[in-house]
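Q: Please take one part of this model and look at it closely, going residue by residue and then outward to whatever surrounds it. I would like a single connected account rather than a list.

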Amino acid sequence: MTNKLVFENLKHRPVRTLIGILIIGIQVTMVLTLVGLSHGVLNESASRARGVGADILIRPPGGSIIVSGGQMLEKIVPVVIDKEPHVTAASGTLIFGTDLFNYLTGVDLATFDRLNGGFRFLQGGPFQQPDDMMVDSVYAGQHHLRVGDTIKNTNHNWRISGIFEPGMLARMVVPLATLQDLTENTGKVSTVYVKVDNPANIAGVISELSGKLKAYKVYSMEDYTSLFSPANVPMLTSFIWVVVSVGVVVGFLMVLSTMYTAVLERTREIGILKALGASPEYILNILLRETAVLAIVGSIVGILLSYVTRFVIQNLVHSSLVQAIVPTWWPIAGAIAVVGALLGALVPGFKAARQDPIEALAYD
Amino acid sequence: MTDGQPLISIRGLRKTYHAGEVDVQALRGVDLDVQPGEFVSIVGPSGSGKSTLFHIVGGLTPPTAGTVQIGGRDLFGMSDAERTELRKNTVGFVFQKYNLLPTLSARENIEIARDIAHKNGPLPPQFLEVLRLLGIEARLDHKPRALSGGEQQRVAIARAIVNQPSILLADEPTGNLDTENSNAVLGLLRGLNTRLGQTILMITHNPEAAGYGDRIVHMRDGHIE
């Protein structure tokens with residue numbers, strides 16, 4: 001019967017109920033979208049790194065594991081790495097961020113193609129000129145690019161020479177030498193990819209290279225890509241929790257105001273229940289159940305909305321952002337919404353539970 | 001409670017309300033006994049203290065002084081939880097404004113009183129007979145807004161007695177009804193009293209309505225005359 005009353009109360013004010021559900025849904029979507037973006041971008045980066053086909057990755061000293069911290073001299077490839085036994089190919093690349101979410105990657109195709117046979121083109125082909133750029137089909141689709149088109153990036157005009165299958169290294173690839181000159185990094189690279197003759201030799205080569213390149217970061221590709229999680233990106237976890245906390249506060253305040261209004265509106269009904277012998281716990285229980293229904297339905301709506309945000313980001317936002325759907329976060333985001341909402345319902349709930357029945361019955 | 005003892009025993013009841021800096025004496029020493037199975041009408045003009053007496057006997061508000069015993073138990077010697085328990089099982093209220101929950105059907109309004117008293121499940125078969133007596137058995141699935149005033153008040157009476165309370169407290173139960181519906185409701189209360197032995201304490205300012213009771217108690221200026 002309590003559930004019936006809860007359901008009827010929610011049905012009685014459909015607009016308020018829908019707004020409540022929507023606000024909680026948005027709160028849940030906000031959390032899921034942020035978490036989904038973190039995972040999506042990192043998974044995508046890991047998958048593109050794996051797509052290179054290298055066995056070992058070398059980064060210069062400094063920076064975090066995932067975020068490149070600087071440059072190293074390109075000549076370590078011929079001077080140190082190529083001379084290492086079992087190394088069959090090595091290629092340096094330079095990464096240059098063009099905005100918050102996009103970056104150009106400079107590649108020397110002559111050495112890079114030896115790692116796994118090179119890019120697989122859907123249209124056009126490799127660079128012909130120093131100002132040529134190759135883009136993956138995702139980027140080309142987002143920006144409506146075709147082979148032969150010219151785009152401006154980093155204050156430079158690039159001609160699209162080819163469109164390749166996604167999942168290989170980066171979205172925008174330009175000749176290494178051109179990017180080095182443009183960014184005043186002549187002779188420098190930010191990552192070196194290494195291929196060895198046999199997977200059994202990977203550990204040995206890593207050990208040798210680590211010994212020779214003391215402060216450099218030398219990883220097997222397997223170890224490197226396994227590190228692509230929000231926990232390994234500086235500040236990202238903190239940032240996620242800040243957003244989650246904001247979500248909790250927003251949910252709390254929303255439910256507080258909604259339930260406060262509901263309690264005021266229902267003063268008389270609460271008086272009736274009290275006259276019938278309802279205990280303060282009974283009244284509180286009704287309001288908390290109503291809130292729990294709002295929060296649970298809101299969480300489900302939030303999960304569904306996260307598919308909408310993914311669609312929007314994928315189709316309408318022209319960036320390299322990829323939002324993953326992370327079902328392991330569904331119960332977390334839902335629990336956050338439910339707890340925030342229940343906390344918000346407590347204050348009006350206690351007000352209702354303590355209401356004087358005579359005053360309540362006299363309320364019009 | 002032993003045989004011959006009143007079901008309700010009120011002694012020296014006083015109630016003072018503080019309205020700003022002014023003290024209003026709503027009850028100025030009321031003594032009243034109501035026997036089990038008695039139908040007592042309390043009559044008096046507005047401001048005579050009838051409603052205050054009703055609220056105190058129903059355990060909705062405490063007196064300033066005096067005692068109220070129901071079934072030999074001191075109402076205000078109890079804890080809040082005990083008084084709440086008493087409202088569930090010992091006292092049933094009927095109000096002038098019906099006070100049905102607008103979002104629930106007539107049946108659910110009755111069932112929620114059972115739910116509050118921890119009695120689950122559908123209405124017991126013997127209670128269906130009471131609903132027939134009240135003439136609302138065909139209107140149970142309607143929401144209050146679809147019922148006439150007389151029907152709403154009959155649902156409110158059904159709700160008040162569904163837990164078989166010792167006392168039915170009715171505050172101006174015909175105050176919002178036309179003559180025909182008033183007579184029907186008063187006849188029903190009379191029927192509940194004579195057929196089921198329901199003890200009823202009814203407040204009214206209408207002398208004709210008061211005539212349905214076994215005994216009429218007149219109140220004026222916080223006293224029983």
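**A helix of chain A and its surroundings**

A: At a relative accessibility of 47%, Leu253(A) counts as partly exposed, because that value falls between the 20% below which a residue is called buried and the 50% above which it is called exposed. The model is a predicted one, and the values below should be read in that light. Leu253(A) belongs to helix α9 of chain A, and its C-alpha atom is separated by 8.6 Å from that of Gly340(A), although the two residues are 87 places apart along the chain.

Helix α9 of chain A, which covers residues 236-265, can be followed from here to a second helix, α2 of chain A, by way of a salt bridge. Arg16(A) pairs with Glu265(A), and the closest N and O atoms of the two are 3.2 Å apart. Because Arg16(A) lies in α2 and Glu265(A) in α9, this pair ties together parts of chain A that are 249 residues apart in sequence. Glu265(A) itself is partly exposed, with a relative accessible area of 36%. As a general matter, side chains of opposite charge can pair when their charged atoms come close.

A further residue of helix α2 of chain A is Gln27(A), which is buried, with a relative accessible area of 4%. If neighbours within four places in sequence are set aside, Gln27(A) is in contact with Gly247(A), Val248(A), Gly251(A), Ile336(A) and Ala337(A). Ile336(A) and Ala337(A) are among the residues that helix α12 of chain A brings to its contact with α2(A), which leads to the packing of those two helices.

Two packed helices are described by the angle between their axes and the distance between the axes. For α2 (residues 14-51) and α12 (residues 330-353), both of chain A, the axes come within 10 Å and cross at roughly 140°. That angle makes α2(A) oblique to α12(A), since only angles over 145 degrees count as roughly antiparallel. The crossing of the two is right-handed. On the α2(A) side the contact is made by Ile24(A), Gln27(A), Val28(A), Val31(A) and Leu32(A), while α12(A) contributes Trp330(A), Ala333(A), Ile336(A), Ala337(A) and Ala341(A). Sorted by class, the residues of this contact are nine nonpolar and one polar, with no charged residue taking part.

For comparison, chain B holds another helix pair that can be described in the same terms. There α4(B) and helix α6 (residues 179-196) pack at an angle of about 145°, with axes 10 Å apart, and α4(B) passes α6(B) in a right-handed crossing. Val130(B), Leu133(B) and Leu134(B) of α4(B) meet Leu188(B), Leu192(B), Arg195(B) and Leu196(B) of α6(B). The residues of that contact divide into six nonpolar, no polar and one charged.

Returning to charged pairs, a search of the whole structure finds 22 salt bridges over all chains. One of them joins Lys143(B) to Glu8(A), with the closest N and O atoms 3.3 Å apart. This pair crosses between chains, running from Lys143(B), in the loop between α4 (125-134) and α5 (149-161) of chain B, to Glu8(A), in helix α1 (residues 2-12) of chain A. The two partners differ in accessibility: Lys143(B) is partly exposed, with a relative accessible area of 22%, whereas Glu8(A) is buried, at 5%. Both residues also belong to a network of salt bridges that links Lys4(A), Glu8(A), Lys11(A), Glu108(B) and Lys143(B).

Elsewhere in chain A, the side chains of Asp132(A) and Arg159(A) meet in a salt bridge of 3.2 Å, N to O. That pair links distant parts of the chain, with Asp132(A) in strand β6 (residues 132-136) and Arg159(A) in strand β8 (residues 156-164), 27 residues apart. Asp132(A) counts as buried at 1% relative accessibility, while Arg159(A) counts as partly exposed at 33%.

Conventions: Residues are numbered from 1 along each chain as its sequence is written. Chains are lettered from A and ligands numbered from 1 in the order in which they are written. This is a predicted model: local features need pLDDT of at least 70, side-chain atom pairs count only at pLDDT 80 or more; totals for chains, interfaces and linings use all residues. Side-chain values use heavy atoms; hydrogens and water are left out. Axes are lines fitted to C-alpha atoms, for helices over the stretch in contact, and angles run from 0 to 180 degrees between N-to-C directions. Helices (H or I, at least four residues) and strands (E, at least two) are DSSP runs, numbered from the N terminus. Angles under 35 degrees count as roughly parallel, over 145 as roughly antiparallel, 65 to 115 as roughly perpendicular and the rest as oblique. A crossing is left-handed if the near helix is turned anticlockwise from the far one by less than a right angle, and right-handed if clockwise. Contact means heavy atoms within 4.5 Å. Ala, Val, Leu, Ile, Met, Phe, Trp, Tyr, Cys and Pro count as nonpolar, Asp, Glu, Lys and Arg as charged, and the others, Gly among them, as polar. A salt bridge is a side-chain nitrogen of Lys or Arg within 4 Å of a carboxyl oxygen of Asp or Glu. Buried means under 20% relative accessible area, exposed over 50%, partly exposed in between (1.4 Å probe, protein chains only).
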